Amino acid sequence: MTAPALAEAKPAARVTDLTRAYGDRVVIDRLDLTIQRGEFVALLGESGCGKTTLLRALAGLDPIDGGRIEAPRRPAVVFQEHRLLPWDSLWRNVSLGLPERGARERAAAALEEVGLGGRLDDWPRNLSGGQAQRVALARALVQEPELLLLDEPFAALDALTRIRMHVLVKALVARHRPGVLLVTHDVEEAIALADRILVMRAGVIAAEHRPPAPGQPAADRATLLAELGVENDLSAA
Amino acid sequence: MSNADHTATFPLPAVARPVAKTAAAPAAALRRAGLGPRQLLLLSWAAPVLLVVVCEVLAQVGYVAPHVLPAPSKVVRTAYKLATSGTLLADLGTSLVRAAVGFLVGGSIAFALGILVGFSRLAEALVDRSVQMVRAIPFLALLPLVIVWFGVGEGQKIFLVALGVAFPIYINTTLGIRQVDPKLIELGRVQGLSTRQMISRIILPGALPSILTGVRYSLATAWLALVVAETIGAQAGIGFLAMDAREFLRTDVVVLTIVIYALIGVVADSLARLLERRLLAWHPNFGGAAR
């Protein structure tokens, strides 16, 4: 892998030779991956290809069967479901895990960033799906993580809300500059957001794409779909 | 036939009319019956009120003997007399203290055990089976044994109430803790919560609806236990009042005590509901309208 000229001393995460198996079934097979600080990596793959398993291993939520993971002790995670505590107000949700002192102020700033500044004392059940996911994003970023793990966080949102979320996430990541691993099966999403796109298949990284020049997309839709095994792409026909 | 076909081909009214009808159907049906929600509420009270009036009339004309069922007005007068003479309030106080002490003793032991068993598989292995076995006994069946242990003093009454209260609270506490969404617990881990924070921020709030259900159930059993306990060898309390009155065929007093038990049950239940509405304001099933 070619490191950027101004390589930051330590990557946000480094995975070496990672193996994970459920019984006889090998889900991740001797996988290597490095995510730099400030780099946005999208991991594409079909259901069951091991991409979520990789993310959960990086988050420290699942054990591994072999290899090494070097990651921050507490990476931030945004799940597909918002996982807001229904009994806590929005600011209490966002500040979950922060030290008590100054928690409300920090939560307020984070909610402001995701466009929900006036709703500190509101309840999660009064939120739409997109708003709830924005709060989940605020909760992740308020921790100032070195590594942000996104596990299909926009999959349950409608198309328009999803696009709005893409814009928001891109802006937030540009400002906070964590290393990001986005697990998704949405090709458009990967193209829109990522600096680098990985395609995962059968427990290994089958393809890797970087933008040919800065500002350009890392890969085109047809290539990615072909790599994902989608033969009959309507828009390509 | 041809006439019907003809009207159906008039496009605008034929479409517009049925749509308007379906939208307004339930409201229209109500209006046709002449009943709004207020009238229905009044009507729901009419039946019990009528029942009381019938009782009163039957008693007044002498159709029902006073020692079988006293006239409701007589019960009210007895209530006033006993209340002003002071014995009723003293007895009521005695009963309430018994219930409260029994509830606190039984409830806190059960809550502590429930938390322990909810969190620890070891505690579950040690405690849960025994509790479930004891639970299979209708707790009132223990009464003779309890009398042997405690005599017929306050101990017996408080023990019986505590026993009745303990099971619903224990079961619902362990159940509530076990049913907390594992995804939220996982989130707690991701956010780096300590064990203490995990309990106070995620597990207890998540278990609270179930725990409060246990509290409501236990209030009902507390009263049941108290009625039975007080009926045997009491020197004071509502139950004593009833048994004492029975000796003298004072059915008006007996009926009064029954009514008082019922009223206290209703009050206890509304208190529990109030608690639920307060503590579970976030919960769609309890909190009512959003803030």
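**Close-up 1. The contact between chain A and chain B in this predicted model.** In this predicted model, chain A brings 14 residues to the contact, while chain B brings 16 residues. On the side of chain A that touches chain B, the residues fall into eight that are nonpolar, two that are polar and four that are charged.

**Close-up 2. Strand 3 of chain A and its surroundings.** Strand 3 of chain A covers residues 40-44, and because five of its five residues are buried, this strand is largely enclosed by the rest of the structure. In a regular strand the side chains alternate between the two faces of the sheet. Here F40(A), A42(A) and L44(A) point one way from strand 3 of chain A, whereas V41(A) and L43(A) point the other way, and the residues of both groups are all buried.

**Close-up 3. The strands that pair with strand 3 of chain A.** Strand 7 of chain A, made of residues 179-184, runs parallel to strand 3 of chain A and is joined to it by five bridges; within strand 7 of chain A, V180(A) is the bridge partner of F40(A). Strand 8 of chain A, made of residues 196-201, also pairs with strand 3 of chain A in the parallel sense, in this case over four bridges, and within strand 8 of chain A the bridge partner of A42(A) is I197(A).

**Close-up 4. Helix 8 of chain B and its kink.** Helix 8 of chain B, formed by residues 154-178, has 25 residues and reaches 36 Å from its first C-alpha to its last, which is close to the 36 Å expected at 1.5 Å a residue. The helix nevertheless carries a kink of about 25 degrees at A166(B), shortly before the proline P168(B). Helix 8 of chain B is also mostly covered, with 20 of its 25 residues buried.

**Close-up 5. The two domains of chain A and the contact between them.** The domain assignment of chain A gives domain 1, which consists of 8-75 + 145-230, and domain 2, which consists of 85-143. Taken over C-alpha atoms, the centres of domain 1 of chain A and domain 2 of chain A are separated by 25 Å. The contact between these domains takes 14 residues from domain 1 of chain A and ten residues from domain 2 of chain A. On the side of domain 1 of chain A that touches domain 2 of chain A, helix 5 of chain A (residues 159-176) gives the most, with seven residues. By class, this side of domain 1 of chain A has ten nonpolar, two polar and two charged residues.

Terms used. Residues numbered from 1 in each chain as written. Chains lettered and ligands numbered in written order. Predicted model: local features only at pLDDT ≥ 70, side-chain atom pairs only at ≥ 80, totals over all residues. Buried ≥ 20, exposed ≤ 12 C-beta atoms within 10 Å, placed from the backbone. Helix = DSSP H or I, 4+ residues; strand = E, 2+ residues; numbered from the N terminus. Pairing = 2+ DSSP bridges. Contact = placed C-beta atoms within 7 Å. Nonpolar A, V, L, I, M, F, W, Y, C, P; charged D, E, K, R; others polar. Expected span 1.5 Å × (residues − 1). Bend = angle between axes of the 7 residues up to and from the residue. Domains from an automatic or database assignment.
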